[in-house]
Amino acid sequence: MDTTRHIEVCALLRRAESAAQDALNGDQAAARTALVLVTDARQRAEDTGPGTCAHPDCSNELRYVGRGRRPLYCSAECRTDVYQATQMAARSLIKAPRTDAA
């Protein structure tokens, strides 16, 4: 884990610790906040760093902000290019119906 990520995780855990203490005193909103902060800290600690775009001709690094699914493509353009290439390949595999006169 790099130094910046370590500092971020420690800060999140400190905030979660404070929220957990408030939750022990009966504050339900603090309990939810503590859960969110601990989850975020865990995700950041487990994050292996940015990957690269799944487009075969692109080598851009991916950006992940820590919410939702991790992206596969660096941009909508790369995602669209790969989708269109996949569709064209699928269409080329579909055979035209035979018109044999029996």
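Buried means under 20% relative accessible area, and exposed means over 50%, with partly exposed in between. Keep those cut-offs handy for the exercises below, which all use a predicted model.

**Exercise 1. Leu72**

Work out whether Leu72 is buried or exposed, and find what it touches.

*Solution.* Start with the location: Leu72 sits in the loop that runs between helix 2 (28–46) and helix 3 (76–93). Next, check the accessibility. Leu72 has a relative accessible area of 54%, so it goes down as exposed. Now look for partners, skipping neighbours within four places in sequence: Leu72 is in contact with Thr52, Cys53, Ala54 and Leu62. Finally, try a backbone distance. The C-alpha atoms of Leu72 and His55 are 8.4 Å apart, with their positions 17 residues apart along the chain.

**Exercise 2. His55**

Place His55 in the fold and list its contacts.

*Solution.* His55 also belongs to the loop between helix 2 and helix 3. With a relative accessible area of 12%, His55 is buried. Leave out neighbours within four places in sequence, and the contacts of His55 are Tyr73, Cys78, Asp81 and Val82. One more thing to look at is the side chain: a polar atom of the His55 side chain lies 3.0 Å from the backbone nitrogen of Asp57.

**Exercise 3. Cysteines**

Decide how many disulfides the model has, using a sulfur-to-sulfur limit of 2.5 Å.

*Solution.* Take Cys53 to begin with. Its closest cysteine sulfur is in Cys78, 3.9 Å away, so that pair is too far apart for a bond. Then turn to Cys78. The nearest cysteine sulfur to Cys78 is that of Cys74, at 3.7 Å, and Cys78 is in no disulfide. The count comes to zero disulfides. While you're there, check the accessibility too: Cys53 is buried at 6%, and Cys78 is buried at 11%.

**Exercise 4. Helix 1**

Test the length of helix 1, then sort out its buried and exposed sides.

*Solution.* Length goes first. Helix 1 (3–24) has 22 residues, which at 1.5 Å a residue should span 32 Å; the end C-alpha atoms are 31 Å apart, so the two values agree. Now pick out the buried residues of helix 1: Arg5, Val9, Leu12, Ala16 and Ala19. These cover an arc of only 90 degrees around the axis, which means they lie on the same side of helix 1. Flip to the face turned away from that buried side and you'll find the exposed residues Thr3, Ile7, Arg14 and Glu17. As a spot check, Glu17 comes out at 57% relative accessibility, so it counts as exposed. Just past the end of helix 1, Gly26 takes a positive phi of about 100 degrees.

**Exercise 5. The nonpolar core**

Find the residues of the largest nonpolar core and say which helix gives the largest share.

*Solution.* Begin with the background: in soluble globular proteins, nonpolar side chains tend to be buried together. Here the largest nonpolar core has five residues, namely Val9, Leu12, Ala16, Leu37 and Ala41. Helix 1 and helix 2 each supply at least two of them. Helix 1 gives the largest share, with three residues. To see how the pieces meet, zoom in on Ala41: not counting residues up to four places away in sequence, Ala41 touches Val9, Leu12 and Leu13. For a backbone distance, use Glu17 and Leu37, which are 20 residues apart in sequence and 9.1 Å apart from C-alpha to C-alpha.

Conventions:
Residues numbered from 1 in each chain as written. Predicted model: local features only at pLDDT ≥ 70, side-chain atom pairs only at ≥ 80, totals over all residues. Heavy atoms only, no water. Buried < 20%, exposed > 50% of the residue type's maximum accessible area, 1.4 Å probe, protein only. Helix = DSSP H or I, 4+ residues; strand = E, 2+ residues; numbered from the N terminus. Contact = heavy atoms within 4.5 Å. Core = buried A, V, L, I, M, F, W, Y, C linked by side-chain atoms within 4.5 Å. Polar contact = N/O pair within 3.5 Å; in protein donor to acceptor, adjacent residues only side chain to side chain. Expected span 1.5 Å × (residues − 1). Arc of directions from axis to C-beta.
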